[in-house]
Amino acid sequence: MAKHATPLLDQLESGPWPSFVSDIKQEAANRAANPKGLDYQIPVDCPEDLLGVLELSYEEKETHWKHGGIVGVFGYGGGVIGRYCDQPEKFPGVAHFHTVRVAQPAAKYYHSKFLRDLCDIWDLRGSGLTNMHGSTGDIVLLGTQTPQLEEIFHELTHKMSVDLGGSGSNLRTPEACLGQSRCEYACYNTQDMCYQLTMDYQDELHRPAFPYKFKFKFDGCPNGCVCAMARSDFAVVGTWKDDIKIDQDAVKAYVGGEFKPNAGAHSGRDWGKFDIQKEVIDLCPSKCMSWDGSKLSIKTADCVRCMHCINTMPRALHIGDERGASILVGAKAPVVDGAQMGSLLVPFISCEAPYDDVKEVIEKIWDWWMEEGKNRERVGETMKRLSFQKLLEVTDTEAAAYHVREPRSNPYIFFKEEEVPGGWDRDLAAYRNRHQR
Amino acid sequence: MAFISSGYNPEKPMEGRITDIGPHKYDEYFPPVIKKNFGKWLYHEILEPGVLLHVAESGDKVYTVRVGGTRTMSITNIREICDIADKYCGGYVRWTTRNNIEFMVEDEATMKALRDDLNSRKFAGGSYKFPVGGTGAGVSNMVHTQGWVHCHTPATDASGPVKCVMDTVFEEFKNMRLPAPVRIALACCINMCGAVHCSDIGLVGIHRKPPMIDHQWADKLCEIPLAVAACPTAAVRPTKVEYNGEKVNSVAIKQDRCMYCGNCYTMCPALPISDGEGDGIAIMVGGKVSNRITMPKFSKVVVGYIPNEPPRWPTLTKTVKHILDVYAANANKYERLGDWANRIGWESFFKLTGLKFTHHLIDDFRDPAYYTWRQSTQFKF
């Protein structure tokens, strides 16, 4: 018998998509049965109380969670998010229900041993509920009480050799696409750069010293599976400089219908016979390709590396060999000043470990942003407030046409004094000699 | 309950303390075939919805079976995933950025057994536990936020509406018959910790009433200057008010300047903004992150408000399905939703979908607004 009647939530158990309500109920039943005979360190019925408070929200259409308090582990300023219920008497099991963020391995490859060990800690010391994963990438352990925080941290670090993730005004947990581990498009080792930079910047990740959050994401190619350009302050997106490699026989196999276009991604509908002219050549954004009936040609100087031709004929076309990445800066979601996409800062950077050249760019941006950024101002907003030119200046980057979609359409130019002969210190008396007042 | 110590000594917090060790290294849990062929993959193929084949230069093959999962997930569920990984995959498993779970095997027969096993598992309530799908030109799993399950600022729930939307578009998760991939995402407020602003279909919780001011608590709970500075439209100013015969420090809010972002509430709990009648969901469409063919673009608001209708959000799901169906019927192959809308023109988008264009959909937030108005005589009647 459930602790709380949940007639509204029960309606989320039907339908084909996996039901989180069924799943929470399953955890409630598991804790009630306690097959491992655990001495649960937080209330055994917290999943039931979570369903109870959620049912109340479904009735009233308002949340029942309060602002986080200052909770955490000693010496860290992030990784734990305090959470309290605003109806603690009705739902004592979730009165205190803090979140713990655990650092995930880049691109989220696991072995069951790791996951089971984590589940065991969370079974004993938490709610048994998680997010796999949080939006930024962490493993999110959802719901525990303050006295358990140090215990959980101790067990994570001592038994599992794993650390907490980021929260607050610090470097947030970085994440990468799966890159070279299982993708032929990856232009650099996204997971390694992610791992190295995460390790090198542990201090920035755990101890908030920034104006606001700062995110790194690493995409292996311009397809952008981990959404770096949209979701990270500092986006590293794989690219290449030389020719796309063409296997002309394989191109013919696509044209002849032997290979399915786009790796079979469109096989659920009859789109007719593959038409290389219509589906590849004509869709090329920079019109750098041609097909003469037997040979595919690409003018590399005109290619903008959008990936369409490669995505469409992955067995015939391959990324070039002179590989690296572009760096785009300043993406963020709307709050406060509106959404921003990352803006191109570095067109090409080699991606060789230990990534000192990438770190140099990062650290120059941080130095500037930590000095100039206002409280709760993302670096993209600082860029808007102080100009892209300023970002170029602080990163020692020379302005180039690829930095803009188009040049400015107003002449309100800030010249530097040294750019103007004679500077700004002028002789009024001499002027008056030439011009009467 | 007897407190069980982990070995941590609160008297000596630094004793034996381990810090700054970061995550486990990414290659610690690579399946052997992944480790062996790292950086040497040649091409891939989607054999059927939810099943990928990657072929390496060595000739090695890895079959991946992708399933949708609930992002809010119990350890009982994770342990079941571990059981499956142990049975078929040597214990290895991974998650994707979009909350999918991927199991990898090296031969076709095991792949088929695994796929069928995954498709056969159901929760007691009847839903699939691990539906296979989410690849190619279809709908993949939704990324989303916490909502009423665990957040203090949401204007809607997250897991609930996601469940309802995915139920509604389930056939598109199981198939690859759309013109291009369609990425749907939900953020339960405009903070967008789920960052849905570049999704083909982005659902975002919005408030529609300015915050209330709890004068009794404002000065006690909040740094008033921070609450003032938090407002992007300068609608909040500091003031003194009479409360219970006393002059207290508080704030005043110019209501017609407020666009209900809730940023002040984030800084000051004495400015509650949630409201059962006022809150709901806006639908944004046409965003994308990929650089394929066209440049990445933001999603645009096409429905300014849909009320919260728990538990099944019928208006929301119907509208999302309708947009998806009209797109599927009209777009060209490879054309993302936003590219289709741009090609036909947004006036045609509203005509074809029958969605009502209202004043709410015209941008009025700062300078970028002007660039979305039409400075041309080119338009469609």
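Angles between a helix and a strand are taken between N-to-C directions, along axes fitted to C-alpha atoms, and run from 0 to 180 degrees. That convention applies to two of the stops below, in a model that is predicted.

**Chain A as a whole**

Begin by selecting chain A, which holds 15 helices and 16 strands. Its C-alpha trace spans about 90 × 75 × 45 Å along the principal axes. Of the 437 residues in chain A, 59% are buried. Among contacts in chain A with a separation of 6 or more, 64% link residues 24 or more positions apart. The chain exposes about 17700 Å², and carbon and sulfur atoms supply 51% of that area.

**The five-stranded sheet**

Next, select strands S8, S9, S10, S15 and S16 of chain A. They form an open sheet in the order S8-S9-S10-S15-S16, with mixed pairing. Strand S8 (175-176) and strand S16 (343-349) are the edge strands; each has a single partner strand, so one side of each lacks a neighbour in the sheet.

Narrow the selection to strand S15 (residues 323-329) and S16 of chain A. These two strands run antiparallel and are joined by four bridges. Display Ala325(A) together with Ile349(A) of S16(A): the two residues stand opposite each other.

**Helices across the sheet**

Add helix H6 (residues 190-200) of chain A. H6(A) lies across S8, strand S9 (216-219) and strand S10 (234-240), and runs at about 160 degrees to S9(A). Then add helix H12 (residues 356-372) of chain A, which lies across S9, S10, S15 and S16. Its direction is at about 155 degrees to S16(A).

**Helix H11 of chain B**

Move to chain B and select residues 346-353, which make up helix H11. Which residues of H11(B) are buried? Ser348(B), Phe349(B), Phe350(B) and Thr353(B) are. Extend the selection to their surroundings: the buried residues of H11(B) pack against strand S12 (280-285), strand S13 (300-307), helix H9 (314-330) and helix H10 (337-344) of chain B. Just after H11(B), Gly354(B) adopts a positive phi of about 75 degrees.

**A nonpolar patch on chain B**

Continue along the segment after H11(B) to Phe357(B). Is this residue buried or partly exposed? Phe357(B) has a relative accessible area of 44% and is therefore partly exposed, since that class lies between the buried limit of 20% and the exposed limit of 50%. Finally, show Phe357(B) as a surface with Ile362(B), Tyr370(B), Tyr371(B) and Trp373(B): these residues make a nonpolar surface patch of about 590 Å².

Methods: Residues are numbered from 1 along each chain as its sequence is written. Chains are lettered from A and ligands numbered from 1 in the order in which they are written. This is a predicted model: local features need pLDDT of at least 70, side-chain atom pairs count only at pLDDT 80 or more; totals for chains, interfaces and linings use all residues. Side-chain values use heavy atoms; hydrogens and water are left out. Patches are made of residues with over 30% relative accessible area and no salt bridge: like charges are joined within 9 Å, nonpolar side chains (Val, Leu, Ile, Met, Phe, Trp, Tyr) within 5 Å. Accessible areas come from the Shrake-Rupley method with a 1.4 Å probe; for residues, only the protein chains shown count as cover. A salt bridge is a side-chain nitrogen of Lys or Arg within 4 Å of a carboxyl oxygen of Asp or Glu. Buried means under 20% relative accessible area, exposed over 50%, partly exposed in between (1.4 Å probe, protein chains only). Two strands pair if DSSP finds at least two bridges between them. Contact means heavy atoms within 4.5 Å.
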